Amino acid sequence: MEQNNQPSLSLSLDEIKGIIQYPCCPKQNAVIALDAHGRVSVQCANCGRFLLIDNDRMTASITKPCKGVAARFKNAG
Ligand SMILES: [Zn+2]
């Protein structure tokens, strides 16, 4: 376990494939690691919209929230 609240993980520049600019808010972006694949659903911290990020295509599109997912997976992590 971590002994403090300091972040212990970070990506160095040569581990980053690129960034994806959010379609809803151009100032927001996701940093994509070189080994990231598949899709991930994230919520924009600025406007609260849900986005589907495709790590392979390096695209992001506005999507609907995944209803019920928090309740179903709340014990997974
Ligand atoms: Zn946004």
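How many residues sit between β3 and β4 in their hairpin, and which residue in the turn has a positive phi? Six is the count, written 6 in my notes, and the residue is Gly48, with a phi of about 85 degrees. Keep in mind that this is a predicted model.

Let me start with the whole chain. The protein chain has 1 helix and 5 strands. In sequence order the pattern reads β-β-β-β-β-α. The C-alpha trace spans about 35 × 35 × 25 Å along its principal axes. Now the radius of gyration. The protein chain has 14 Å, while a compact globule of 77 residues would have a value near 11 Å. Burial next. Of the 77 residues, 8% are buried. And contacts: take those with a separation of 6 or more. Residues 24 or more positions apart account for 19% of them.

On to the sheet. It is an open sheet of 3 strands, ordered β3-β4-β5, and the pairing is antiparallel. The edges are β3, residues 39-43, and β5, residues 59-63; each of these pairs on one side only. On average, neighbouring strands in this sheet are turned by 30 degrees against each other, direction ignored.

Take the first pairing I want to show. β3 and β4, the latter being residues 50-54, are antiparallel over 5 bridges. Two partners to click on: Gln43 bridges to Phe50 in β4, and Ser41 bridges to Leu52 in β4.

Then the other side of β4. β4 and β5 also pair in the antiparallel sense, over 5 bridges. Here Ile53 stands opposite Ala60 in β5. These two strands form a hairpin as well, with 4 residues between them.

Stay on that turn for a moment. Which residue there has a positive phi? Met58, at about 60 degrees. Met58 is not a glycine. Most residues other than glycine have a negative phi. So look at this one in your viewer. Met58 lies in the loop between β4 and β5. Is Met58 buried, exposed or partly exposed? Partly exposed, because Met58 has 14 C-beta neighbours inside 10 Å, and the exposed class stops at 12 while the buried class starts at 20.

Back to β4, and its two faces. In a regular strand the side chains alternate between the two faces of the sheet. β4 shows this alternation: Leu51 and Ile53 point to one face and are buried. Phe50, Leu52 and Asp54 point to the other face and are not buried.

That leads to the core. Nonpolar side chains tend to be buried together in soluble globular proteins. Which residues make up the largest nonpolar core here? Ile20, Tyr22, Ile32, Leu51, Ile53 and Ala60, 6 residues in all. Leu51 and Ile53 are the buried pair from β4. Ala60 is the one to centre on. Leaving out residues up to four places away in sequence, Ala60 touches Ile20, Tyr22, Pro23, Ala30, Leu51, Leu52 and Ile53.

Last stop, the start of the chain. Ser10 is in the segment before β1, which covers residues 16-21. Ser10 counts as exposed because 6 other C-beta atoms lie within 10 Å, and exposed means 12 or fewer. One distance to finish: Ser10 and Leu34 are 24 residues apart along the chain, and their C-alpha atoms are separated by 13 Å.

Conventions: Residues are numbered from 1 along each chain as its sequence is written. This is a predicted model: local features need pLDDT of at least 70, side-chain atom pairs count only at pLDDT 80 or more; totals for chains, interfaces and linings use all residues. A nonpolar core is a set of buried Ala, Val, Leu, Ile, Met, Phe, Trp, Tyr and Cys residues joined through C-beta atoms within 7 Å. Two residues are in contact if their C-beta atoms, placed from the backbone, lie within 7 Å. The radius of gyration is taken over C-alpha atoms; the globule rule is 2.2 Å times the number of residues to the power 0.38. Two strands pair if DSSP finds at least two bridges between them. Axes are lines fitted to C-alpha atoms, for helices over the stretch in contact, and angles run from 0 to 180 degrees between N-to-C directions.
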